[in-house]
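Q: I'm new to this one, so please pick a single charged spot and walk me through it slowly. After that, show me how it sits within the rest of the chain.

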Amino acid sequence: SNASNISITAGGDDRVLTVSQAITTGGGADTSSVTLTADKMTIGAGVTTGTAAGAFALLQPETVADAVDGLDLGGADATNTLGLTDAELDFVNTGASGVLRVGSASTSGNVVVSAALTPGNTVNLSILSGGTITQSVGGTVTETGLRLSAAGDVTLNLANDFDTLAVSAASQTVAITDADGFAVGTVDGVSGIAGGQLTLVSTTGNVSVSDNSVAKDVDASGAVSITASADNASFTVAANANVETSSGGVTITADDMDLSGAITATGQTVLLKSATAGDAINLGTNAAVPNTLELNDAELDLVTATTLRIGATNAGAITVSAAVSPGSVTNLSLLSDAGIGDNLNAGSITVTNLRLDVDTAVDLSTGNDVDTLAVNVADASNALTFGDTDGLTVGVVDGTTGVTTNNAQVAPTGGAKGT
């Protein structure tokens, strides 16, 4: 018992490290750590580190004799598998700021969470794997801060419960579900999320991306999908934060959105849509009105993409309540199961190319400025009224060709472009 670091190793393949007496660095407000290394462990007494940020307890397989041992979190030891039950993890105490680390990001094998984990004396859990991280039925993870570092895919799609998530899995498929909302943040030195294809879901709570003082708070090389599933749940990008992918585009699904930071999908498509069918859409304001997806002009300017789609085929009516001019997109597509209106001529759209794909009437009669217009009004008995300040071309935008409706008035109010 002292304030120095402690390291204990049971060398050799499948050797057992048994903790039957307390191991402690003193539990003071310092960064002292405990490292336990063995292919098998039986932990039946306390393992206590310092309590300051930077303190950690590391439980990892022995790698000199056998470099490919896997981890079963929630299960028992087995041949070439280090098993750590929830009861064993409860013996580890890292205080209010320390970290419990299990596995090794560079040398251990696949990690499976086979039973529910709720470490009782830690607030941050890091799961480290040289392979994949997965979970089997019942193998949920509950912890305040969760770091996942893997050389392979990460798949945690059950009812996990964490408050802050950080992931390091560059170029790998990452799919993670949380039960009641979370923030993408910094845990145990990992800031934000790095992966390939990325799917994040909150089943009942909000999702936010914090500013972690890195260039890309979400850094993906494949398609990004982030969903806040519950009615009126929100998706937030903090000021100076950035959600970015190099391919595959970005889809955000949430009934409420607050974009103070960037969504970047250069040369790709970004889709912003409600989670609840029939919710209205208001472009031009963001006053936190329930059952309405609101995005003001400043928020739209934070999206960089070739095509920005807003809404879906099951969305409610779209109101353009003020002037909007998304400055970093080429094509704007508005999608609705209802129609589009301009709030008694208060709203207008300025963009290079505009696609409108709706079921009922469109009334955007004044102040708009587009170069190419494509419209599909599915219910042919409804009218299309569109006014442009300097002329336009009816053409192809985001897969829609020309103007399809029964009653159309496309009225340039200046200029000499064809219609």
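A: Let's start with R309, which is partly exposed, because its relative accessible area of 28% falls between the 20% and 50% cut-offs. Keep in mind that this is a predicted model. The side chain of R309 meets that of D398 in a salt bridge, at 2.7 Å from N to O. R309 sits in strand β33 (residues 303–311), while D398 is in the loop between β42 (396–397) and β43 (400–401), so this pair ties together parts that are 89 residues apart in sequence.

D398 has another partner to look at: its side chain also forms a salt bridge with R355, at 2.9 Å from N to O. Here the loop between β42 and β43 is linked to strand β38 (residues 348–358), where R355 lies, and the two residues are 43 apart. R355 counts as buried, because its relative accessibility of 12% is under the 20% cut-off. Step back a little and you can see a network: R309, R355, D357 and D398 are joined by salt bridges that share partners.

How many salt bridges are there by this rule? The count comes to seven. Another of them pairs K40 with D14, with the closest N and O atoms 2.8 Å apart. This pair, too, links distant parts of the chain: K40 is in strand β5 (residues 40–43), D14 is in the loop between β1 (6–9) and β2 (16–19), and 26 residues separate them. Is K40 buried or exposed? K40 is buried, with a relative accessible area of 13%, whereas D14, at 22%, is partly exposed.

While you're in that part of the sequence, have a look at T37 in strand β4 (residues 34–37). T37 is buried, because 9% relative accessibility is under the 20% cut-off. If you skip the neighbours within four places in sequence, T37 is in contact with I8, T9, A10, L17, Q60, P61 and E62.

Now for a charge and a ring. R101 lies over the face of F56, 4.2 Å from the ring centre. As for rings with rings, searching the whole structure turns up one aromatic pair.

There's also a small piece of sheet to trace. Three strands make an open sheet in the order β3-β6-β10, with parallel pairing. Its edge strands, β3 (23–24) and β10 (92–93), each pair on one side only. Strand β6 (residues 47–48) pairs with β10 in the parallel sense over two bridges. If you want a residue to hold on to, V47 has V92 in β10 as its bridge partner.

Finally, zoom out to the whole chain. It has two helices and 45 strands, and its C-alpha atoms fill a box of roughly 85 × 35 × 30 Å along the principal axes. Of its 419 residues, 51% count as buried. Among contacts with a separation of 6 or more, 50% come from residues 24 or more positions apart. On the outside, the chain exposes about 14800 Å², and carbon and sulfur atoms supply 48% of that. Back where we began, R309 and D398 are one example of a link across the sequence, at 89 residues apart.

Technical notes
Residues are numbered from 1 along each chain as its sequence is written. This is a predicted model: local features need pLDDT of at least 70, side-chain atom pairs count only at pLDDT 80 or more; totals for chains, interfaces and linings use all residues. Side-chain values use heavy atoms; hydrogens and water are left out. Rings of Phe, Tyr and Trp (its six-membered ring) pair if their centres lie within 6.5 Å; planes under 30 degrees apart count as stacked, over 60 as edge-to-face and the rest as tilted. A charge sits over a ring if NZ of Lys or CZ of Arg is within 6 Å of the ring centre and within 35 degrees of the ring normal. Helices (H or I, at least four residues) and strands (E, at least two) are DSSP runs, numbered from the N terminus. Buried means under 20% relative accessible area, exposed over 50%, partly exposed in between (1.4 Å probe, protein chains only). Contact means heavy atoms within 4.5 Å. A salt bridge is a side-chain nitrogen of Lys or Arg within 4 Å of a carboxyl oxygen of Asp or Glu. Two strands pair if DSSP finds at least two bridges between them. Accessible areas come from the Shrake-Rupley method with a 1.4 Å probe; for residues, only the protein chains shown count as cover.
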